[in-house]
Amino acid sequence: MKAVVVTDRNLGTAGMTLSDQPEPHASENDVIVRVHASGFTNGELTWPATWADRAGRDRTPSVPGHELSGIVTGLGYGTTGLTVGQRVFGFVDWTRNGSLAELVAVEARNLAPLPADIDHVTAASLPISGLTAWQGLFEHGDLRTGQTILVHGAAGGVGSFVTQLARERGAYVIGTGRGRHRETALDLGAHEFVDLGSDSLDEVGPVDVVFDIFGGDIAKRSAPLVRPGGVLISVAEPVTAPEQGRAVFFVVEPDRRQLIEIAERVRTGRLRSVIGQTVTLDEAPAAFNATSHPAGRTIVQVSS
Ligand SMILES: NC(=O)c1ccc[n+]([C@@H]2O[C@H](COP(=O)([O-])OP(=O)(O)OC[C@H]3O[C@@H](n4cnc5c(N)ncnc54)[C@H](OP(=O)(O)O)[C@@H]3O)[C@@H](O)[C@H]2O)c1
């Protein structure tokens, strides 16, 4: 099968090449999926799991891309809950070969049925960003109606879902980003927008929840904005707790029930993803190395 692989962690996306790879093997409770569309984030090439398995052994050549939408073509030993021919979407464990490939082996529990009225490109953009937003807001942040939330990178992959889900929950949403993201963030449901290049973050607040995707200085400057009892949620790196609140850093986990909730919102127009461009598998290495790209996610359409 054709797959994009990486072999050298020092090269970043420049080391991505398209090659012929052996077809994946379905282990117990796995399914094999013919990938129709795949999502990839540049950050994953810095994650240890891209390069080593759970025992720390080198696992290159490694196939990146951990979000997918496609059709089940095979079942592993003992797999239940999904059937051959079924449309599915979801995400592949970090330590396994990913979805920038024609075929991928995935644990069935990491996938959810894909409703007929959601296309594969849209579906491939949902799992990581959607689940990260969902788990951050509702499992780790316990966001409630009437609370105020500061959403960093509100027009980006994760932030766009955080903004929409927080607004749906009935929170007051303050989005941040670059000046050019203002319209998108407001359009997604933010009540206010802070341009991190020109507005003062220090004047924001107090807020009940900060959802941070940046870490570093922005996370540090956000901690004092959290009111007593509030929470600073980070998906970028472990952060120091605000003086009278708590801090949570977490890594997103697969969850079929939550994927179904997200898909239902997409199907009914309550949630949308911001997709900038689609490229083919052949074009993927060049697309991820382009010096500029359209705003929004790049999704790889592996087959039509
Ligand atoms: N822990 C977890 O489980 C988890 C899960 C998902 C994601 N993440 C991490 O979360 C981070 C964000 O992911 P994402 O998918 O949301 O990325 P993304 O789609 O690139 O979104 C980031 C947004 O922030 C904007 N931005 C970047 N630098 C900025 C700056 N200096 N000032 C203002 N705006 C800026 C980007 O704009 P431009 O596009 O114009 O740069 C974009 O709109 C990544 O580091 C990713 O690895 C972690």
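This passage describes the surroundings of the ligand and the pairing of strand 3 in a predicted model.

The ligand is surrounded by 20 residues. Those closest to the ligand are G43, G153, G156, G157 and V158. Sorted by class, the shell around the ligand comprises nine nonpolar residues, ten polar residues and one charged residue. Two helices each contribute at least two residues to this shell, namely helix 2, spanning residues 127-140, and helix 3, spanning residues 157-169.

Attention now turns to strand 3. This strand covers residues 30-39, and nine of its ten residues are buried. A residue counts as buried here if 20 or more other C-beta atoms lie within 10 Å of its own. Because nine of the ten residues are buried, strand 3 is largely enclosed by the rest of the structure.

Strand 3 pairs with strand 4, strand 6 and strand 15, as follows. With strand 4 (residues 67-75), strand 3 forms eight bridges, and the two run antiparallel. Within this pairing, I32 has G74 of strand 4 as its bridge partner. Five bridges connect strand 3 to strand 6 (residues 103-107), again in an antiparallel arrangement. Here D30 is matched with E107 of strand 6. Strand 15 (residues 297-301) also runs antiparallel to strand 3, to which it is joined by three bridges. In this case, the bridge partner of A37 is Q301 of strand 15.

Key:
Residues are numbered from 1 along each chain as its sequence is written. This is a predicted model: local features need pLDDT of at least 70, side-chain atom pairs count only at pLDDT 80 or more; totals for chains, interfaces and linings use all residues. A residue is near a molecule or strand if its C-beta atom, placed from the backbone, lies within 6 Å of it. Helices (H or I, at least four residues) and strands (E, at least two) are DSSP runs, numbered from the N terminus. Ala, Val, Leu, Ile, Met, Phe, Trp, Tyr, Cys and Pro count as nonpolar, Asp, Glu, Lys and Arg as charged, and the others, Gly among them, as polar. A residue is buried if 20 or more other C-beta atoms lie within 10 Å of its own, exposed if 12 or fewer, and partly exposed in between; C-beta atoms are placed from the backbone. Two strands pair if DSSP finds at least two bridges between them.
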